[in-house]
Amino acid sequence: MKKILILILTLTLLFGFSCNKAEETPVLLANDPQLLSTVSVSGKGHMSVEPDMATLELVIEKKDKLAAKALEMTAEAMDSVLKKLTEYGIAEEDIKTSGISVYESWEYDENGDRKGKVNYASHQLSVKIYEIEKTGEILDACINAGATYSYGINFGLKDKTSFEKELLKLAVENAAERALTIAEASGKTLGEVVSATDGTVTIPDITYHPTNDMVFEEAAESAAPTYSSQMYAGTLELYATVEMQYEIK
């Protein structure tokens with residue numbers, strides 16, 4: 001009887017062990033990447049395009065011993081700048097306040113000695129311009145209308161989504177060409193896509209910053225400037241990458 005119990009216990013343990021092994025063994029399907037011969041490649045898409053939108057960053061800033069007076073002067077200059085932008089056909093929705101500040105600061109004389117404290121009132125505007133060839137002309141007009149200076153101009157694209165799609169298509173096509181070259185050089189035939197991973201899409205803006213704000217400030221305080229600010233947007237370089245894996249036979 002004792003021998004029979006030992007035999008039953010041994011068979012039970014062996015059966016349980018074989019079931020656990022079966023559960024741990026992965027089942028590989030016919031189209032599983034582990035059974036396929038594959039090639040992995042990186043695809044790159046590139047486009048050079050001209051920008052179709054400019055964003056002009058303007059600052060209207062006035063100072064006075066009294067904060068209320070500085071605010072009033074800034075508001076008056078702001079009205080003149082907005083009127084000028086309207087004359088150039090800039091829509092209201094393309095003009096956005098990006099910052100407002102009122103602060104007190106020391107004034108200094110020619111020798112660097114403190115003269116006294118004054119209050120500054122500042123209003124920052126972000127303006128979208130779709131006729132980018134007029135960007136320099138609009139900047140000049142705004143400075144002459146009362147804007148104090150510009151702290152930057154960005155040239156970019158209105159619709160980045162359509163360019164992103166085209167870049168990804170180019171990157172996938174490039175990946176396919178690279179995979180085909182590798183397969184043929186290896187004496188193989190290129191098969192179906194096994195996997196694809198979205199990489200990066202880079203659609204930068206071109207940004208210009210004034211090197212000397214005082215040039216603009218002096219122009220605003222004097223008669224209409226005789227110069228015309230010429231703007232050359234240049235070309236935007238757009239990039240995209242993808243990671244692809246193909247079957248090779």
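This is a short talk on aromatic pairs, one charge over a ring, and one sheet with its helix.

Good morning. A word on the source: this is a predicted model. Keep that in mind as we go.

Let's start with the rings. How many aromatic pairs does the count come to? It comes to 2.

Take Y103 and Y120. Their rings are stacked. Centre to centre, they are 5.2 Å apart, with 10 degrees between the planes. Y103 belongs to strand 3, residues 95–108. Y120 belongs to strand 4, residues 114–129. The two tyrosines are 17 residues apart, and the pair links distant parts of the chain.

Now the surroundings. Is Y120 buried or exposed? Y120 counts as buried, at 15% relative accessibility. The cut-off for buried is under 20%. Y103, in contrast, is partly exposed, with a relative accessible area of 36%.

On to F155 and Y208. Here the planes stand at 75 degrees and the ring centres are 5.9 Å apart, so this pair is edge-to-face. The cut-off behind that call is over 60 degrees. F155 lies in strand 5, residues 149–156. Y208 lies in strand 7, residues 206–208. That is 53 residues apart, again a link between distant parts of the chain. F155 is buried, at 1% relative accessibility. Y208 is partly exposed, at 37%.

One more ring to show. Which residue puts its charged end over the ring of W106? That is R114. Its charged end sits 4.3 Å from the ring centre.

Now the sheet. Please look at strands 1, 8 and 6. They form an open sheet of 3 strands, in the order 1-8-6. The pairing is antiparallel. Strand 1 (38–49) and strand 6 (190–202) are the edge strands, and each pairs on one side only. From one strand to the next, the twist averages 20 degrees.

What holds strands together in a sheet? Strands pair through backbone hydrogen bonds, in either a parallel or an antiparallel way. In our case, strand 1 and strand 8 (residues 236–248) run antiparallel and are joined by 12 bridges. To place yourself on screen, find S40: its bridge partner in strand 8 is Q245.

Last, the helix. Which helix packs on this sheet? Helix 4, residues 160–185. Helix 4 touches strand 1, strand 6 and strand 8. Its direction makes about 140 degrees with that of strand 1.

That is the tour. Thank you.

Definitions and conventions. Residues numbered from 1 in each chain as written. Predicted model: local features only at pLDDT ≥ 70, side-chain atom pairs only at ≥ 80, totals over all residues. Heavy atoms only, no water. Phe/Tyr/Trp six-rings, centres within 6.5 Å; stacked < 30°, edge-to-face > 60°. Helix = DSSP H or I, 4+ residues; strand = E, 2+ residues; numbered from the N terminus. Buried < 20%, exposed > 50% of the residue type's maximum accessible area, 1.4 Å probe, protein only. Lys NZ or Arg CZ within 6 Å of the ring centre and 35° of its normal. Pairing = 2+ DSSP bridges. Axes fitted to C-alpha atoms, helices over the stretch in contact; angles between N-to-C directions. Contact = heavy atoms within 4.5 Å.
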